[in-house]
Amino acid sequence: MSTFKKIGSLKTVDAFRQYCKTLNSTLPPFVNVEQAGSSPLAEVLSYTSGVTGDQRTIGNRWTILPMEGWDCLDDGSPSELTRRRWLRFAESGAKLIFGCEAAAVMPSGRANPRQMTVNENSIQCIGQLRDDMVRHHEALFGTAEDLFVGLQLTHSGRFCRPNKDWALAPKTAYAHPLLDKKFHCGPENVLSDLEIAGIIERYVLAAKRAAEAGFHFVDIKMAHGYLGHEFLTALDRPGPYGGSLENRTRFFREIVEGIKRDVPGLDVAVRLSLTDRLPFQPGEDRVGVPILPAGPYRHAFGADTDGLQTDLTETIQFIAMAVQLGIRMICTTAGSPYYNPHIQRPAAFAVSDGYLPPEDPLLGVFRQIDTVRRMKEVFPDLLWIGSGYSYLQEYLALTAEAVVHAGWVDSVGIGRMALCYPEICSDWLSKRELKRGKLCRTFGDCTNAPRAGQVSGCYPLDDFYRNRKRNATEF
């Protein structure tokens, strides 16, 4: 069983740094802001789109990451609860809102029946909420001219649960040797080439609607085992969308090319799982163990044939192709919350249907930080956004400053932390003492609650949700 010190037990910066050294971390030194004059996170970012050629100034190095909501209305429109979350993103002080929300491009592509969905009925309300968020940010911080706001477009693929009975309705890129068994899929769930063409059309239409609603860019989700990401390992799929890397990237290329053709004024970015791993499951002691294949494992993008180590060969090739399409902004992540969450969102606690961490969660944080560093060395002119930082808790902002100052990443994103303590960004930039009682401790209730029929939110730390009836099933 993995044993490790929890972050809350490391009471000083020196204790944290010393513990990191025992894990052979390669974090750069923390920044002495008094000597530097200001936080590296306060530096502006200059960004030029490779799609539209537009130049923008992004006001600081904090990013709000796109998250999948569980609180929209049945037609995919934002509810009052969605509105509360988005306005809190505006209050954070972060100047890059990367995706706002994971928005499904079609009802059948939703991961839950309350996920935001881009369609003719919802887009006006989504656009109004975007406008309200921008105005709220301007009222608080004096300007929104340096605020950059996008919408993430996604199809959940293997993990579609679009209906109120919560039954899986998977749409897969290929028959997977391990995930089909784990998630009760089969050859009947594999999409035809004609169905794929229809989904691509829905991405392009959703992008057009996002532009009309005022978003500066759309983010094409190629992460977390969802449909776009799964295509990257479709080696066993015949036809134009499988086999060679050229074919396995065709789904992404045709989406971007369609957006550039039909929505020429809209910028395009990508959220990418840079590396993946074998699926994991609880062992006898609830600690995660890998589900081992019968032979070499070819189905973890950005990993070796054991499925347990990073190999960025194809990741680099994919990004080089994305650069040719005009992509200049990449929001990074790793793994999947469905089958190896310790890779994707390091945490000390298991979610309700998950497992205890098989490694010190700090190793998962460091892995993501170092992988982004390696990618930025290869592609220094891209805008790189890092994620996986919430587990750092008291030391999140100090670490973010260090990696930005060292040039390892351009902007640091927060996801789970933005649900309980979005204003960590403005508090840090204003040199206010952090509110320790609001720091995300990775309890996992932002996942457990929706899986138990509750709406999105941080139930342990946000009084708004803590005061809601925890036992009432809301959907």
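Here is a friendly conversation about a predicted model, covering a helix pair, a threonine, some cysteines and two histidines.

Biologist: At what angle do helix α3 and helix α4 pack?

Modeller: Two packed helices are described by the angle between their axes and the distance between the axes. Here α3 spans residues 80–91 and α4 spans residues 123–141, and their axes are 8 Å apart. α3 passes α4 in a right-handed crossing. The angle of packing is about 35°.

Biologist: How many residues of the contact of α3 with α4 are nonpolar?

Modeller: On the α3 side the contact includes W86, L87 and F89, and on the α4 side it includes I126, L129 and M133. Charged residues take part too, among them R83 of α3 and D132 of α4. The residues of this contact divide into 4 charged, 3 polar and, for the nonpolar group, 9.

Biologist: Is T117 buried or exposed?

Modeller: Let's place this residue: T117 sits in the loop between β5 and α4. Its neighbours, leaving out residues up to four places away in sequence, include D75, M106, P107 and I126. The relative accessible area of T117 is 1%, and the cut-off for burial is under 20%, so T117 is buried.

Biologist: Which residue offers the backbone oxygen that the side chain of T117 reaches?

Modeller: The distance between the side chain of T117 and this oxygen is 3.2 Å. That falls within the 3.5 Å limit for a polar contact. The residue offering the backbone oxygen is Q115.

Biologist: How many disulfides does the structure hold?

Modeller: Take C185, whose closest cysteine sulfur belongs to C160 at 9.8 Å; that is too far for a bond, because a disulfide needs sulfurs within 2.5 Å. For C331, the nearest cysteine sulfur is that of C100, 12 Å away. Both C185 and C331 are buried. The number of disulfides in the structure is 0.

Biologist: What is the phi of H184?

Modeller: Most residues other than glycine have a negative phi. H184, found in the loop between α5 and α6, is not a glycine, yet its phi is positive. This histidine is exposed, at 69% relative accessibility. The phi of H184 is about 60°.

Biologist: And where is H224, which has a positive phi although it is not a glycine?

Modeller: The phi of H224 is about 65°. With a relative accessibility of 5%, H224 counts as buried. As for its place, H224 lies in the loop between β7 (217–222) and α7 (227–231).

Notes: Residues are numbered from 1 along each chain as its sequence is written. This is a predicted model: local features need pLDDT of at least 70, side-chain atom pairs count only at pLDDT 80 or more; totals for chains, interfaces and linings use all residues. Side-chain values use heavy atoms; hydrogens and water are left out. Axes are lines fitted to C-alpha atoms, for helices over the stretch in contact, and angles run from 0 to 180 degrees between N-to-C directions. Helices (H or I, at least four residues) and strands (E, at least two) are DSSP runs, numbered from the N terminus. A crossing is left-handed if the near helix is turned anticlockwise from the far one by less than a right angle, and right-handed if clockwise. Contact means heavy atoms within 4.5 Å. Buried means under 20% relative accessible area, exposed over 50%, partly exposed in between (1.4 Å probe, protein chains only). A polar contact is a pair of N or O atoms within 3.5 Å; within protein, one must be able to donate a hydrogen and the other to accept it, and residues adjacent in sequence count only if both atoms are side-chain atoms.
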